[in-house]
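Here's a quick tour of how this chain packs together. Have the coordinates open while you read.

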Amino acid sequence: MKKILFALWSLMMLSSVANAQQKVAFINEDSVITSMPEFKTQQKIIESYAKQFQTQIEMKQRTMQEKYQTLMQGQQTMSPQQLDEGQKELQEMQVEVQELQQRAQQGIQKKQQDAMEPLMKKLKEQVKVVAEAEGYSVVIANGVVNRIGFLINAGGEDITGKVIAKINGQ
């Protein structure tokens, strides 16, 4: 029994010594990414892409509004069949607008993901370079810490500025 307790105690001591030797750093990945020149370029591309969808949606909504006004103005002189056809057409136009809005949202999300992929790769590479140069064995992204709601009080260093400098060639 004493041997088992001693073995467990020894194992706990070894793991705590190993943990104590790790050098920990933190990084704000959002700050690094938004400081990249490529980020601003990608943002402009995404905004332009979104604007195209917005223009299409506005045109369809304007056409639908005009159709609605025409229907309202002529409802006194229209037959019930013409009125029904006009209402059905308006409903179809509304569905088209909703579908376009959904496609726009999905397209913009895909465009953002595609734009972020190379930036995240560059971030990862530069964090690795800085971590190796500075001797950090663990680098934790602030976003990860915030998402899991975990407060780390390990006394790690914030290396965000060093990574930004590395990316900007300084």
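Which residues of the largest nonpolar core touch the most other members? This is a predicted model, and in it the core has 16 residues, with Ile 27, Val 32, Ile 33, Met 36, Leu 123, Ile 159 and Val 163 touching the most other members. Several elements chip in: strand 1, helix 2, helix 4 and helix 6 each supply at least two residues. Helix 4 gives the most, with 5 residues.

Here are the contributing elements and where they sit in the chain.

| Element | Residues |
|---|---|
| Strand 1 | 24-27 |
| Helix 2 | 29-35 |
| Helix 4 | 80-134 |
| Helix 6 | 160-167 |

Now zoom in on Ile 33. Leaving out residues up to four places away in sequence, Ile 33 touches Phe 39, Met 116, Leu 119, Met 120 and Leu 123.

There's another core too, lying apart from the one that helix 4 gives the most to. That other core has 5 residues, including Phe 53, Val 97, Leu 100 and Ala 104.

Back on helix 4, have a look at Gln 126. Is Gln 126 buried or exposed? Gln 126 counts as buried because its relative accessibility is 16%, below the 20% cut-off. Beyond its neighbours within four places in sequence, Gln 126 is in contact with Val 163, Lys 166 and Ile 167.

One last stretch: an unreviewed UniProt entry annotates residues 83-110 as "coiled-coil region". In the model those residues are 100% helix and 0% strand, and the C-alpha atoms at the two ends are 41 Å apart.

Note on methods. Residues numbered from 1 in each chain as written. Predicted model: local features only at pLDDT ≥ 70, side-chain atom pairs only at ≥ 80, totals over all residues. Heavy atoms only, no water. Helix = DSSP H or I, 4+ residues; strand = E, 2+ residues; numbered from the N terminus. Buried < 20%, exposed > 50% of the residue type's maximum accessible area, 1.4 Å probe, protein only. Contact = heavy atoms within 4.5 Å. UniProt positions renumbered as here; feature names shortened; annotations may be inferred. Core = buried A, V, L, I, M, F, W, Y, C linked by side-chain atoms within 4.5 Å.
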